[in-house]
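These are my notebook entries from a session with one structure, kept in the order in which I looked things up.

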Amino acid sequence: DALPISMVSTYSMWSLFRNCRKAVEWRYLEQLAPIQRDRNLHFGSLIHECLQTWHQQRDLAEVLALIDRLCPNRLQDENQHRDWHLSSAMMRAYAARYAVEEFEVIALEKTFEGPIVNPATGAASRSFVLAGKVDGVVRIGDDYFVLEHKTAAQLDSDYLEKLWTDFQITIYSYYVEQTMGIP
């Protein structure tokens, strides 16, 4: 008898499931996706790539060149034009504000995959495993931290008050600890 294959799930999938089960069926089971990518997701991915390059090289000129490459039609496409201006301004400000970091980068774009364990029984799910990718793992002295960047349209008190309870960060921290063997 062959063992059943566990479905790889992600935080994004479970978050969507909490909001709309039908959307999970369409996206993850039927493999249906919108023809055009959401603008906010596109911009978030752009900034994500910029920050990865920044943490790898600490070279603003290289980050700005990356933005130029990722927005090749900025002179004709108003969305790319807006994203080019905003990302350039954000990365210039980020490089000025965080010119020196107190942490050492241990890993960037660190992927993980592990069992989903029932805390009451200790049994692993036979149907699902959880996978994900953290922006980075950093060390300050002897302590390790998950590095995650978020983009948001607005940073108000509601957003900031909820950030410390972000379940995604808790899950990612647990799985990075398990897969890398670091606290």
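Before naming any element, I note that helices here are DSSP runs of H or I with at least four residues, numbered from the N terminus. By that rule I find Gln-80 in helix α5. I also note at the start that this is a predicted model, and I read every entry below with that in mind.

**Entry: the chain as a whole**

I counted 7 helices and 4 strands in the chain, and reading along the sequence I wrote down the pattern β-α-α-α-α-α-β-β-β-α-α. Along its principal axes the C-alpha trace spans about 60 × 45 × 35 Å. Of the 183 residues, 27% count as buried. I then looked at contacts with a sequence separation of 6 or more, and found that 61% of them join residues 24 or more positions apart.

**Entry: the nonpolar cores**

In soluble globular proteins, nonpolar side chains tend to be buried together, so I went on to look for such groups here. The largest nonpolar core has 14 residues, and those with the most contacts inside it are Cys-50, Trp-54, Val-63, Ile-67 and Met-91. Which elements each supply at least two residues of this core? I found three of them, namely α3 (39–57), α4 (60–70) and α5 (78–97), and of the contributions to this core that of α3 is the most, with 6 residues.

I followed Trp-54 further, leaving out residues up to four places away in sequence, and listed its contacts as Asp-59, Leu-60, Val-63, Met-91, Tyr-94, Ala-95, Tyr-98 and Ala-99. There is also a second, separate core of 11 residues, which includes Ala-107, Phe-112, Ile-171 and Tyr-172.

**Entry: two residues of helix α5**

I returned to Gln-80, which counts as buried because its relative accessible area is 14%, and the cut-off for buried is under 20%. Its side chain reaches the backbone nitrogen of Asn-73 at 2.6 Å. Once neighbours within four places in sequence are set aside, I find Gln-80 in contact with Cys-71, Pro-72, Asn-73 and Arg-74.

Arg-82 also lies in helix α5, but its relative accessibility is 36%, and I therefore enter Arg-82 as partly exposed. Its side chain makes a polar contact with the side chain of Asn-79 at 2.3 Å. Between Arg-82 and Cys-71 I noted 11 residues of separation in sequence and a C-alpha to C-alpha distance of 9.7 Å in space.

**Entry: the cavity**

Rolling a probe the size of a water molecule over the atoms shows where empty space is left. How many cavities of 30 Å³ or more are there? The count comes to 1, and about 50 Å³ of space lies in the largest cavity. I listed its lining as His-48, Leu-51, Gln-52, His-55, Leu-108, Glu-109, Asp-135, Leu-147 and His-149. Both α3 and β2 (104–117) supply at least two residues of this lining, and α3 gives the most, with 4 residues. By class I recorded 3 nonpolar, 4 polar and 2 charged residues in the lining of this cavity.

**Entry: the second largest pocket**

I next turned to the second largest pocket, which holds about 280 Å³ of space. Of the 13 residues that line this pocket, the closest to its centre are Ile-116, Leu-130, Phe-167, Ile-171 and Tyr-175. The elements that give two or more residues to its lining are α1 (11–19), β2 and α7 (167–180), with the largest share, 5 residues, coming from α7. The lining of this pocket has 10 nonpolar, 2 polar and 1 charged residues. I note that Ile-171, one of the residues closest to the pocket centre, is also included in the second core.

**Entry: backbone angles**

Most residues other than glycine have a negative phi, so I checked for exceptions. Arg-58, which is not a glycine, has a positive phi of about 55°, and I place Arg-58 in the loop between α3 and α4. Is Arg-58 buried or partly exposed? I enter Arg-58 as partly exposed because its relative accessible area is 31%.

Glu-109, likewise a residue other than glycine, has a positive phi near 55°. Glu-109 is found in strand β2, and I had already written Glu-109 down in the lining of the largest cavity.

Definitions and conventions: Residues are numbered from 1 along each chain as its sequence is written. This is a predicted model: local features need pLDDT of at least 70, side-chain atom pairs count only at pLDDT 80 or more; totals for chains, interfaces and linings use all residues. Side-chain values use heavy atoms; hydrogens and water are left out. A nonpolar core is a set of buried Ala, Val, Leu, Ile, Met, Phe, Trp, Tyr and Cys residues joined through side-chain atoms within 4.5 Å. Buried means under 20% relative accessible area, exposed over 50%, partly exposed in between (1.4 Å probe, protein chains only). Contact means heavy atoms within 4.5 Å. On a 1 Å grid over the protein atoms alone, a cavity is a set of points where a 1.4 Å probe fits but cannot get out, and a pocket is an open set with protein on both sides within 12 Å along at least five of seven lines; lining residues have an atom within 4 Å of a point. Grid points are joined across faces, edges and corners, and a volume is the space filled by probe spheres set on the points. Ala, Val, Leu, Ile, Met, Phe, Trp, Tyr, Cys and Pro count as nonpolar, Asp, Glu, Lys and Arg as charged, and the others, Gly among them, as polar. A polar contact is a pair of N or O atoms within 3.5 Å; within protein, one must be able to donate a hydrogen and the other to accept it, and residues adjacent in sequence count only if both atoms are side-chain atoms.
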